[in-house]
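Here are my notebook entries from a first walk through this structure. Have a look at it yourself, then follow along.

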Amino acid sequence: MAGRRAGVTGRGRRLRPSALPVRTKAVLSVLLLSALGLAVAWAVTDTIHARAVLERIDGELDQEVEEFRVLAERGVDPDTGEPFSSVEQLLRVAIERNVPGADEMLVTFVGGDADLYSPSWASAVVDDPDLVGLVGDLGPQARSAVEERIPTAVGEMHVIAVPVQVADGSEHGTYVVGVGTDLALASQQELRRTFALVSLGTLVLVGAVAWWVVGRLLRPLELLAATAQRVGGDDLTLRAPVHGEDDVATLGRAFNTMLDRVAAAFDAQRQFLDDAGHELRTPLTVLRGHLELLEPDDPHDVAETRALLLDETARMSRIVEDLVLLAKSERPDFVRLGEVDLGPLTDDLLDKARALGDRAWRVDARAEGVVPGDEQRLTEAVLQLADNAVRFSRPGTRIAVGSAVTGSTARLWVRDEGPGVAPQDRERIFERFVRVGDADVPGSGLGLAIVAAVAHGHGGTVTAEAGSPASDGVGEHGLRVTVSWPVAGGPVGGVQEGTVR
């Protein structure tokens, strides 16, 4: 083809028209609606006004004709009190005693010829062929008035011709009353021009006000756009200013909430990378060092190195699993609430914990009833506590698990008889990679952080305090870690104390 279709580029993509700014579109829409409203208002007003003018014309004509008929029926000159002697006298008295309006004319015809007229501008109409023809068609014997609209030099005229005769029929004449329709509607033309000027001024004022109002309404959106453009990967602390309680303010708050989530996701990602680099660097260094020192020809050295590498890779796997679990804790679906029967859950936790070490396992308290919670996550948290208790206690010592519901709070705990934790460190132990106590005890420092994540995912807390109940006679030592979370109401049932299994 010699040319291309309009609106299509060389690669076949349609060219989009240039998009107007939202502010301009809004103002144009307001102006269009305002203009449409003014046009409808004027059309209705103009129609009503024109109808009122035409009705006024009909009323004036009827009034003038009625006044003339009354005068003719009386047949007496009001000034002299004598009967009219001729048709000419009657018509002269009628026209002299009447003052026509600005758009009204009076013309008398005697014997078919124009005689008198009022006002002066009627001179241009007296000899009009249509008017003369209308009067001529009446004839000497006409008895009823004739009403017509005729074109004249001064515009369209609405006229009524009333035939007049004396009693013996020797004389006849015509009394013509007319109203210039175009003259009557001339005021409407002036009104139209005035309305057009007022409408133009109104549209200018509406446009200016709309431009200002829309600008103020869009200002928060401009701030949102500016904030979004300034937010970068290195600075996620910027937030859009929000004022008021309208829809735009709601959008601003939603935008800031989204930025909070994005910032939290970036922080979680950065934390995960930092944690992974921190924890995996040491085992990788160990692996590389032993591989570099490995004597391939020495079977004993190969066996020892293999065992050590397998142990380090297993530890790396546990670290990775813990880090992934902590990374998932930032997701909204980390905890999936369901129904948890605390009694059977307590029994199952004790049975699973027995495999972690040779300890005197028991149940401190066993709650009965169903509460909301994520049974899988709660199991992970309690087993992390049990594993931690085993690593920091001696074989044969007592470790207890328990459950209870107090008011609207459910609790699960693990208690041991180990060395415990100093009061000043009891909040720090739930942070990542924080370890206190015996440095020779293996671990990555992530277990209690996972417990805290599970508690927070349930909307609850995790606390640490000194060990055994006084009834054990052991004194204030050991550690008791409790996971608490809110429940609506409480479970049906009670608490069974001191169960040993």
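Before counting, I fixed my terms: helices are DSSP runs of H or I with at least four residues, strands are runs of E with at least two, and both are numbered from the N terminus. I also noted that this is a predicted model.

**Entry: overview.** I counted eleven helices and 13 strands in the protein. I looked up burial next: of the 501 residues, 37% count as buried. The accessible surface came to about 28,700 Å², and carbon and sulfur atoms own 55% of that surface. I then checked contacts with a separation of 6 or more, and 63% of them join residues 24 or more positions apart.

**Entry: the sheet.** In which order do the five strands of the open sheet lie? I read E2-E1-E5-E4-E3, with antiparallel pairing. At the edges I found strand E2 (113–118) and strand E3 (146–152), each pairing on one side only. Neighbouring strands in this sheet are turned by 25° against each other on average, direction ignored.

**Entry: one strand pair.** I picked E4 (residues 155–165) and E5 (residues 172–180), which pair in the antiparallel sense over nine bridges. Who partners His158 in E5? I found Val179 as its bridge partner.

**Entry: helices on the sheet.** I saw helix H2 (residues 87–96) packing on the sheet, where H2 touches strand E1 (104–110), E2, E4 and E5. The direction of H2 makes about 20° with that of E5. Then I turned to helix H4 (residues 129–138), which lies across E1, E3, E4 and E5. Helix H4 runs at about 160° to E3.

Methods
Residues are numbered from 1 along each chain as its sequence is written. This is a predicted model: local features need pLDDT of at least 70, side-chain atom pairs count only at pLDDT 80 or more; totals for chains, interfaces and linings use all residues. Side-chain values use heavy atoms; hydrogens and water are left out. Two strands pair if DSSP finds at least two bridges between them. Axes are lines fitted to C-alpha atoms, for helices over the stretch in contact, and angles run from 0 to 180 degrees between N-to-C directions. Contact means heavy atoms within 4.5 Å. Buried means under 20% relative accessible area, exposed over 50%, partly exposed in between (1.4 Å probe, protein chains only). Accessible areas come from the Shrake-Rupley method with a 1.4 Å probe; for residues, only the protein chains shown count as cover.
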